[in-house]
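Q: I'm new to this one, so please walk me slowly through its aromatic rings and the charges that sit over them. Take your time and show me where the rings lead.

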Amino acid sequence: MPTPRRRHSPSVVSSAGKVGGMRRGKLGPRRGKRRTTYFMDSQESAGTPQVCVLLISIALIAFGIYTLVQSTSHTHERIAQLYLDKLGNWSKAREEFSLSTFAIKYDIDNGEAEEMQLMMDERDDKFSSIVEANHLEEYKNMKFWSGNSLPNGTIPTPVFQNNNNPRLGLEIHATSPTGETTAIDLGSYGVGRLKHVHAETPSPQTKCSAHQHGVLNLGTGKCDVYSRLYYVCVQVKLDAAGKWQLHSPTGREEEFGCASVTHWDPTTFKRLTPTQRQAQSDQIISFKDSNFDRIQVHVRHGDDPFFYVESVTQDTLRFGPESGDMRKLAWVLLAIGFIMAIPPLCLFVPLCCGKGKEEEYARLGTDRGGAPMYNHTDVGTSSYTDDQEDEIDELLDGIELTTRT
């Protein structure tokens, strides 16, 4: 005759837990904080700190791999070799440059021309410091320049609103080491420039002045940005006849300036700061810096290594770190990243692999230790299935057998 199935009240299971010395079952009264989850609420659960450490380690590993790949391009070595190759031609070019003379003729709106002798400048510049910082062979700068300004009163103040923009005509008179003279016409350039740009919103009255350094035009709603001619720089080289001529790095006649980022435009404009924040279309604008005579004219040799480095570095003049240093940095980043990833991975992997076991424990109605799980919603009666009852019967039989022995 089959043994009748026992129905367990909360007191039976609770007393069984007391007899066996085990943790109390979840059908009886329980002291302390009640457990609501069995996976992420355990002492071995993964929290925010572990997730953050894992994300940081992944970022370090990714940056280390990127740095390691970049080290294979050997950018620093290529730029340094280019500089050294051009430096070999610079010694001869610098000598013929030093034996020459240059003067600038300038006029305003095709008026009477004035002449100014350009001065030789051999002072170390920014590029000299960069070469020294990269421990390369010394670079000796040389150029001819007009000084910080043309004579006072040369340039009249432009009236931008009436398109009254004076034009500065420039012509270089060069004498080669052999005594050959050349008159190089640079053309004429407007001493002022006005651009109508979109005013930033919201609050264009404030942002046009503070961010765009312009004046809000109340008639058009645009932000008027003003600038003045600040710098004229040209490249020259000796031709086959031994005369100085303009040199274009790209072969285009109009591109003979000194900055690759401006597509070798010989002129550079400096933004003016107006005293007004807003004005009508026909209102005269005044500026904090109204000295339009402060224009510099520079003449440089086309074989100057500065131009070649400037071109390949996009006008930044940065050689970049050496490949060996980049590889060392990459290995350090990878090592730190992998070491940081070990603790969170050791926690995540067992939790992910043990999730199925936790679900099995929940299905049987017990936790990892085999104790019955507490049901928060049903304390007075048993809500277990027949299979779960059988499992609990076997558990209680084992507890009773242990206590008897």
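A: Let's start with what "over a ring" means here: a charge sits over a ring if NZ of Lys or CZ of Arg is within 6 Å of the ring centre and within 35 degrees of the ring normal. Lys 86 does this with Tyr 308, its charged end lying 4.3 Å from the centre of that ring. Keep in mind that you're looking at a predicted model.

Arg 300 plays a similar part: it lies over the face of Phe 306, 4.7 Å from the ring centre. Phe 306 also belongs to a cluster held together by ring pairs, along with Tyr 83, Trp 90, Phe 127, Tyr 139, Trp 264 and Phe 307.

Follow Arg 300 and Phe 306 a bit further and you reach the largest pocket, with about 610 Å³ of space in it. Both are among the residues closest to the pocket's centre, together with Tyr 231, Cys 258 and Glu 310, out of 28 that line it. Elements that give two or more residues to this lining include strand S9 (223–238), strand S13 (296–301) and helix H6 (305–312). The lining is a mix, with 11 nonpolar, 7 polar and 10 charged residues.

Now for the rings as pairs. The whole structure has 16 aromatic pairs. In one of them, Phe 63 and Tyr 66 are stacked, with 6.4 Å from centre to centre and 25 degrees between the planes. These two are neighbours along helix H2 (residues 48–71), sitting 3 residues apart, or about one turn of the helix. Phe 63 is partly exposed, because its relative accessible area is 45%, between the 20% and 50% cut-offs.

Another pair, Phe 160 and Tyr 226, is edge-to-face: the centres are 5.0 Å apart and the planes make an angle of 65 degrees. Here the partners come from distant parts of the chain, 66 residues apart, with Phe 160 in the loop between S4 and strand S5 (167–175) and Tyr 226 in strand S9. Phe 160 counts as buried because its relative accessibility is 8%, and buried means under 20%. Tyr 226 is buried too, at 1%.

To put the rings in their setting, the chain has 9 helices and 13 strands. Of its 405 residues, 39% count as buried. And among contacts with a separation of 6 or more, 70% are between residues 24 or more positions apart.

Conventions: Residues numbered from 1 in each chain as written. Predicted model: local features only at pLDDT ≥ 70, side-chain atom pairs only at ≥ 80, totals over all residues. Heavy atoms only, no water. 1 Å grid on protein atoms, 1.4 Å probe; cavity = no way out; pocket = protein on both sides within 12 Å on 5 of 7 lines; lining within 4 Å. Points joined across faces, edges and corners; volume = space filled by probe spheres on them. Helix = DSSP H or I, 4+ residues; strand = E, 2+ residues; numbered from the N terminus. Nonpolar A, V, L, I, M, F, W, Y, C, P; charged D, E, K, R; others polar. Phe/Tyr/Trp six-rings, centres within 6.5 Å; stacked < 30°, edge-to-face > 60°. Buried < 20%, exposed > 50% of the residue type's maximum accessible area, 1.4 Å probe, protein only. Contact = heavy atoms within 4.5 Å.
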